[in-house]
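Q: Hi! Could you walk me through this fold before I head back to the bench?
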Amino acid sequence: MRERFWERFDLEELTDEEWEALCDGCGQCCLLKFQDEESGDLAVLNVACELLDIPSCRCGDYAHRFEKVPDCTQLTPERIDDFRWLPKSCAYRRVAEGRKLAAWHPLIAGGPERMHRKGISVRSFAVSQREVPEEELEAHIIAILPIDG
């Protein structure tokens with residue numbers, strides 16, 4: 001990877017390896033979400049995708065995630081504006097908005113532990129989709145995000 005690529009290149013100019021490395025590994029994009037069809041608002045749950053390994057906040061089968069979870073959403077540089085629900089802490093969002101990576105980001109801190117200790121990741125509160133019956137999902141809503149059309 002190129003040195004400090006996130007500061008020197010636009011998202012569209014990143015290699016696949018650099019794009020993947022930019023992910024801070026917080027797991028927030030792996031939380032289940034429901035969108036209200038009328039308002040467009042997004043309900044975020046503390047329930048993580050069945051593939052998320054919660055202790056590491058990494059996908060347990062990243063290479064096959066789209067086959068195993070058909071509604072898994074792929075974030076790409078071209079689609080970054082479609083993901084307005086990404087948290088302000090997200091490295092993809094930060095770089096797209098012209099902001100610097102946070103000091104806790106694994107590329108800056110040398111690994112993910114600082115991010116986990118700062119409470120940025122879902123490790124401390126997420127539960128697996130495997131543990132929550134579908135009829136109980138609504139009780140796991142932790143935030144409602146207004147999404148402008």
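Q: In what order do the helices and strands come along the sequence of the protein chain?
A: The pattern reads α-α-β-β-β-β-α-α-α-α-β-β. Do keep in mind that this is a predicted model.

Q: How many helices and strands does that come to?
A: The protein chain has six helices and six strands.

Q: What radius of gyration does the protein chain have, and what would a compact globule have?
A: The protein chain has 16 Å, and a compact globule with 149 residues would have a radius of gyration near 15 Å, so the two agree. As for the box that the C-alpha atoms fill, it is roughly 50 × 35 × 30 Å along the principal axes.

Q: And what share of the residues is buried?
A: Buried residues make up 42% of the 149 in the protein chain. On the outside, the protein chain exposes about 9200 Å², with carbon and sulfur atoms supplying 47% of that area.

Q: Which residues have the most contacts inside the largest nonpolar core?
A: Those are L11, L14, L22, L75, L86 and Y92, in a core of 19 residues. Helix 1 (5–8), helix 2 (16–22) and helix 4 (91–96) each give at least two residues to this core. The largest share, three residues, comes from helix 4.

Q: Let's zoom in on L22. What does L22 touch?
A: Leaving out residues up to four places away in sequence, L22 touches F5, W6, L11, L14, A91, Y92, V95, L101, H105 and L107.

Q: Which residues are in the other core?
A: That core lies apart from the largest one and has eight residues, among them L31, V44, I54 and V122.

Q: How much of the contact set links residues far along the sequence?
A: Counting contacts with a separation of 6 or more, 56% are between residues 24 or more positions apart.

Q: Switching to charge: how many positive and negative side chains are there?
A: The protein chain has 19 positive and 30 negative side chains. The centres of those two sets lie 10 Å apart.

Q: One residue I'm curious about is D61. Where is its place?
A: D61 is in the loop between strand 4 (58–59) and helix 3 (65–68).

Q: Does D61 count as buried or exposed there?
A: D61 counts as buried, because its relative accessibility is 16% and the cut-off for buried is under 20%.

Q: What does D61 touch?
A: D61 touches L51 and K68, again not counting residues up to four places away in sequence.

Note on methods:
Residues are numbered from 1 along each chain as its sequence is written. This is a predicted model: local features need pLDDT of at least 70, side-chain atom pairs count only at pLDDT 80 or more; totals for chains, interfaces and linings use all residues. Side-chain values use heavy atoms; hydrogens and water are left out. Helices (H or I, at least four residues) and strands (E, at least two) are DSSP runs, numbered from the N terminus. The radius of gyration is taken over C-alpha atoms; the globule rule is 2.2 Å times the number of residues to the power 0.38. Buried means under 20% relative accessible area, exposed over 50%, partly exposed in between (1.4 Å probe, protein chains only). Contact means heavy atoms within 4.5 Å. Accessible areas come from the Shrake-Rupley method with a 1.4 Å probe; for residues, only the protein chains shown count as cover. Lys and Arg count as positive and Asp and Glu as negative; His and the chain ends are not counted. The place of a charge is taken as NZ of Lys, CZ of Arg, CG of Asp or CD of Glu. A nonpolar core is a set of buried Ala, Val, Leu, Ile, Met, Phe, Trp, Tyr and Cys residues joined through side-chain atoms within 4.5 Å.
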